[in-house]
Amino acid sequence: TWHLKKIPQIVRERTFSLDSPKFEAKTKLELNSVCGIECQRKLPVPSLSDLKNLLSYETVFENGTRTLTEVNVLGAVLDPAANTTTRRPLRKKRQIYGTDSRFSIYDKKFMTNFPFNTAVKISTGCSGILVSPKHVLTAAHCLHNGKDYVKGSKRLRVGLMKTKSRGNGRKRKGAKRKTSDGLPSFQWTRVKSTHIPKGWFKGVAGDIALDYDYAVLELKRPHKRKYMELGISPTIKMMPGSMIHFSGFDNDRSGQLVYRFCSISDESNDLFYQYCDAEPGSTGSGIYLRLKEPNKKKWKRKIIAVYSGHQWVDINGEQQDYNVAVRITPLKYAQICFWIHGNDGNCTQG
């Protein structure tokens with residue numbers, strides 16, 4: 001079952017105006033030189049002042065202006081064993097591990113209904129997931145490389161799935177009718193503002209720490225689709241079969257929504273390490289699982305992580321790869337919820 005947890009409070013303290021970004025960074029769908037499993041084990045537990053700095057955030061608006069909001073963190077419980085992980089055997093250097101276990105979703109009935117309808121395409125080449133009538137959760141590196149915002153994020157758009165019609169409606173005389181196999185097309189919506197935690201900018205001098213590789217986009221116009229609720233990421237032991245699920249728009253399957261599920265191999269306090277088959281383009285997808293509601297028989301899907309992509313790191317002196325996801329911890333839940341609602345009143349229970 002989903003266990004309720006008391007959530008820390010993220011409280012806005014001060015907001016400053018910053019210079020407008022240059023928007024000159026190149027989009028990278030695959031990151032190098034990241035802090036991996038061994039690096040994570042050596043990271044110190046953040047202090048309260050560290051957390052206040054890491055969870056402060058930048059907001060970029062559609063007119064190019066930018067602000068920095070400093071926050072205070074109330075009621076946080078610091079975990080002294082934050083980054084312990086279990087050692088696992090090395091894997092081969094692949095993004096598709098053995099038999100490709102991804103599923104392309106073609107059926108309109110599935111594609112435009114929950115949970116698949118919550119997957120969205122980001123105009124910079126990534127994926128994301130709907131988390132409210134006007135908010136999308138995605139990966140921070142789809143918008144910012146740690147030093148500057150990527151070129152395509154100045155006029156950022158989000159594509160919501162719709163299926164192409166099979167020749168319905170009028171056509172001009174003599175025009176050839178285009179047929180469709182039910183592949184999704186997109187209804188594109190402009191992004192009003194973007195929130196990225198300051199923790200994402202922290203590691204730009206050396207290895208990039210993935211712990212804060214998440215961002216929330218506020219859409220200019222609300223949608224009327226069913227969205228996915230946030231959940232606190234449970235430990236591997238608390239998941240049914242350790243199984244996670246996510247859907248995105250992998251580059252090697254153009255125009256298709258691609259779904260996959262797999263078990264998690266390893267975890268730290270902030271990251272999941274797994275071998276779900278995925279290709280660039282699915283980065284930023286919302287990872288979810290199904291658990292029962294307390295005292296109810298119904299199953300409930302909730303987002304518990306953001307897919308950060310395929311990574312290469314040094315482990316035991318060898319180049320090793322894995323697919324990594326950023327866990328939604330109680331602190332991150334509080335922050336994302338605060339971004340969505342503008343206050344912490346709706347974010348007290350996760």
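Which residues in α5 are buried? The close-ups below start there and then move around this predicted model.

**View 1. Helix α5 and its covered residues.** The buried residues in α5 are Leu331, Lys332, Tyr333, Ala334, Gln335, Ile336, Cys337, Phe338, Trp339 and Ile340. That makes ten of the twelve residues in α5, so the helix is mostly covered. An α-helix has 3.6 residues a turn, so residues three or four places apart point the same way. End to end, α5 reaches 16 Å from its first C-alpha to its last, close to the 16 Å expected at 1.5 Å a residue. Just after α5 comes Gly342, with a positive phi near 80 degrees.

**View 2. A buried salt bridge on α5.** Staying with α5, here is Lys332 paired with Asp270 in a salt bridge, with the closest N and O atoms 2.7 Å apart. Lys332 sits in helix α5 (residues 330-341) and Asp270 in the loop between β13 (257-267) and β14 (271-274), so the bridge ties together parts that are 62 residues apart in sequence. What is the state of Asp270 and Lys332, buried or exposed? Both are buried.

**View 3. Glu218, Lys134 and a small network.** In this close-up the side chains of Glu218 and Lys134 meet in a salt bridge, at 3.6 Å from N to O. Glu218 belongs to strand β10 (residues 215-219), while Lys134 is in the loop between β6 (127-132) and β7 (135-138), so this pair links parts that are 84 residues apart in sequence. The two partners differ in cover: Glu218 counts as buried because its relative accessibility is 13%, under the 20% cut-off. Lys134, with a relative accessible area of 34%, is partly exposed. Add Lys192 to the picture and you have one network, in which salt bridges that share partners join Lys134, Lys192 and Glu218.

**View 4. Strand β1 meets strand β3.** How many salt bridges does the structure hold? There are eight, and the one framed here runs between Glu70 and Arg14, whose closest N and O atoms are 2.8 Å apart. Glu70 lies in strand β3 (residues 66-74) and Arg14 in strand β1 (residues 9-18), so the bridge ties together parts that are 56 residues apart in sequence. Neither end is fully tucked away: Glu70 is partly exposed at 24% relative accessible area, and Arg14 is partly exposed at 48%.

**View 5. Arg12, also on β1.** Strand β1 also carries Arg12. With a relative accessible area of 44%, Arg12 is partly exposed. Look for Ser56 in the same frame: its C-alpha atom is separated from that of Arg12 by 8.6 Å, although the two residues are 44 apart along the chain.

**View 6. Phe23, with a positive phi.** Between β1 and α1 (37-42) runs a loop, and Phe23 is found in it. Phi of Phe23 is near 55 degrees, a positive value in a residue other than glycine. Phe23 counts as buried because its relative accessibility is 8%, below the 20% line.

**View 7. Asn117 and a backbone partner.** Asn117 sits in the loop between α3 (108-111) and β5 (119-122). A polar atom of the Asn117 side chain lies 2.9 Å from the backbone nitrogen of Phe114. Asn117 itself is buried, with a relative accessible area of 4%.

**View 8. The largest cavity.** The model has four cavities of 30 Å³ or more, and this view goes to the largest, with a volume of about 120 Å³. It is lined by 15 residues, of which Val60, Ser153, Lys154, Leu156 and Thr194 are the closest to its centre. Which strand supplies the largest share of the lining? That is β9, with five residues. β2 (57-61) and β9 (184-197) each supply at least two residues of the lining. By class, the lining is a mix: seven nonpolar, three polar and five charged residues.

Note on methods. Residues are numbered from 1 along each chain as its sequence is written. This is a predicted model: local features need pLDDT of at least 70, side-chain atom pairs count only at pLDDT 80 or more; totals for chains, interfaces and linings use all residues. Side-chain values use heavy atoms; hydrogens and water are left out. On a 1 Å grid over the protein atoms alone, a cavity is a set of points where a 1.4 Å probe fits but cannot get out, and a pocket is an open set with protein on both sides within 12 Å along at least five of seven lines; lining residues have an atom within 4 Å of a point. Grid points are joined across faces, edges and corners, and a volume is the space filled by probe spheres set on the points. Helices (H or I, at least four residues) and strands (E, at least two) are DSSP runs, numbered from the N terminus. Ala, Val, Leu, Ile, Met, Phe, Trp, Tyr, Cys and Pro count as nonpolar, Asp, Glu, Lys and Arg as charged, and the others, Gly among them, as polar. A salt bridge is a side-chain nitrogen of Lys or Arg within 4 Å of a carboxyl oxygen of Asp or Glu. Buried means under 20% relative accessible area, exposed over 50%, partly exposed in between (1.4 Å probe, protein chains only). The expected span of a helix is 1.5 Å times one less than its number of residues. A polar contact is a pair of N or O atoms within 3.5 Å; within protein, one must be able to donate a hydrogen and the other to accept it, and residues adjacent in sequence count only if both atoms are side-chain atoms.
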